[in-house]
Amino acid sequence: MKLGLSSYSFLPLMRNGSMQLEDVFSWVRDHGGEHVALATFSVAPECAVFHYRLCHDSDALDRLHTASLTTCLHLSRFYISAHLIVKG
């Protein structure tokens with residue numbers, strides 16, 4: 001078993017500016033983690049959480065790639081926002 005954390009765990013710190021996405025990777029590595037699970041809404045602008053598409057955010061993708069390479073941590077999974085209300 002490998003220890004890892006979700007970026008969601010750091011959401012309050014990222015929202016208040018105490019941490020950036022890169023800091024999450026460093027924190028996980030420095031505390032013995034081996035991977036990060038990315039909750040895409042944790043990198044989305046607060047006003048666009050439900051409409052955010054990581055695949056269209058080249059800056060965030062570059063930052064994720066660099067953070068992963070720099071810390072030698074893998075992204076283990078992605079969590080996406082979903083609207084599951086079914087109208088019948």
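## Briefing: contacts around H2, S2 and H3

Just after H2, glycine 32 takes a positive phi of about 90°. Keep in mind that this is a predicted model. Helix H2 also makes a good way into the rest: it gives four residues to the largest nonpolar core, the most of any contributor. Beyond that core, a search of the whole structure turns up two salt bridges and two aromatic pairs. Here's the rundown, topic by topic.

**The nonpolar core and H2**

- The largest nonpolar core holds 17 residues, and Phe25 and Leu54 have the most contacts inside it.
- H2, S2 and H3 each put at least two residues into this core.
- In H2, the buried residues are Leu21, Val24, Phe25 and Val28.
- Look down the axis of H2 and those buried residues fall within an arc of 95°, so they line one face of the helix.
- As background, nonpolar side chains in soluble globular proteins tend to be buried together.

**Salt bridges**

- Glutamate 22 pairs with arginine 63 in a salt bridge, with the closest N and O atoms 2.7 Å apart.
- That pair ties together distant parts of the chain: glutamate 22 sits in helix H2 (residues 21-30) and arginine 63 in helix H3 (residues 58-71), 41 residues apart.
- Glutamate 22 is partly exposed, because its relative accessibility of 28% falls between the 20% and 50% cut-offs.
- Arginine 63 is partly exposed too, with a relative accessible area of 26%.
- The other bridge joins the side chains of aspartate 30 and arginine 29, at 2.9 Å from N to O.
- Aspartate 30 counts as exposed at 52% relative accessibility, while arginine 29 is partly exposed at 35%.
- In general terms, side chains of opposite charge can pair when their charged atoms come close.

**Aromatic pairs**

- Tyrosine 8 and phenylalanine 41 have ring centres 5.6 Å apart and planes at 70°, so this pair is edge-to-face.
- Here again distant parts of the chain are linked: tyrosine 8 is in the loop between strand S1 (4-6) and helix H1 (11-15), phenylalanine 41 is in the loop between S2 and H3, and 33 residues separate them.
- Both rings belong to partly exposed residues, with relative accessible areas of 49% for tyrosine 8 and 22% for phenylalanine 41.
- Phenylalanine 10 and tryptophan 27 make an edge-to-face pair as well, at 5.3 Å centre to centre and 65° between the planes.
- This one runs from the loop between S1 and H1, where phenylalanine 10 sits, to tryptophan 27 in helix H2, 17 residues apart.
- Phenylalanine 10 is buried at 5% relative accessible area, whereas tryptophan 27 is partly exposed at 34%.

**Serine 42 and alanine 39**

- Serine 42 sits in the loop between strand S2 (35-39) and H3.
- With a relative accessible area of 4%, serine 42 is buried.
- The side chain of serine 42 makes a polar contact of 2.6 Å with the side chain of serine 7.
- A polar atom of the serine 42 side chain also lies 2.6 Å from the backbone oxygen of alanine 39.
- Leaving out residues up to four places away in sequence, serine 42 touches Ser7, Tyr8, Leu11, Met14 and Arg15.
- Alanine 39 itself is in strand S2 and counts as buried at 1% relative accessibility.
- Alanine 39 and tyrosine 8 are 31 residues apart in sequence, yet their C-alpha atoms are 5.7 Å apart.

**Threonine 71**

- Threonine 71 belongs to helix H3 and is buried at 6% relative accessibility.
- The side chain of threonine 71 reaches the backbone oxygen of alanine 67 at 2.7 Å.
- Not counting residues up to four places away in sequence, threonine 71 touches Phe25, Ser26 and Arg29.
- Of those, Phe25 is one of the two residues with the most contacts inside the largest nonpolar core, and arginine 29 is the salt-bridge partner of aspartate 30.
- The C-alpha atoms of threonine 71 and histidine 35 are 9.7 Å apart, with their positions 36 residues apart along the chain.

Conventions: Residues numbered from 1 in each chain as written. Predicted model: local features only at pLDDT ≥ 70, side-chain atom pairs only at ≥ 80, totals over all residues. Heavy atoms only, no water. Salt bridge = Lys/Arg side-chain N within 4 Å of Asp/Glu carboxyl O. Buried < 20%, exposed > 50% of the residue type's maximum accessible area, 1.4 Å probe, protein only. Polar contact = N/O pair within 3.5 Å; in protein donor to acceptor, adjacent residues only side chain to side chain. Contact = heavy atoms within 4.5 Å. Core = buried A, V, L, I, M, F, W, Y, C linked by side-chain atoms within 4.5 Å. Arc of directions from axis to C-beta. Phe/Tyr/Trp six-rings, centres within 6.5 Å; stacked < 30°, edge-to-face > 60°.
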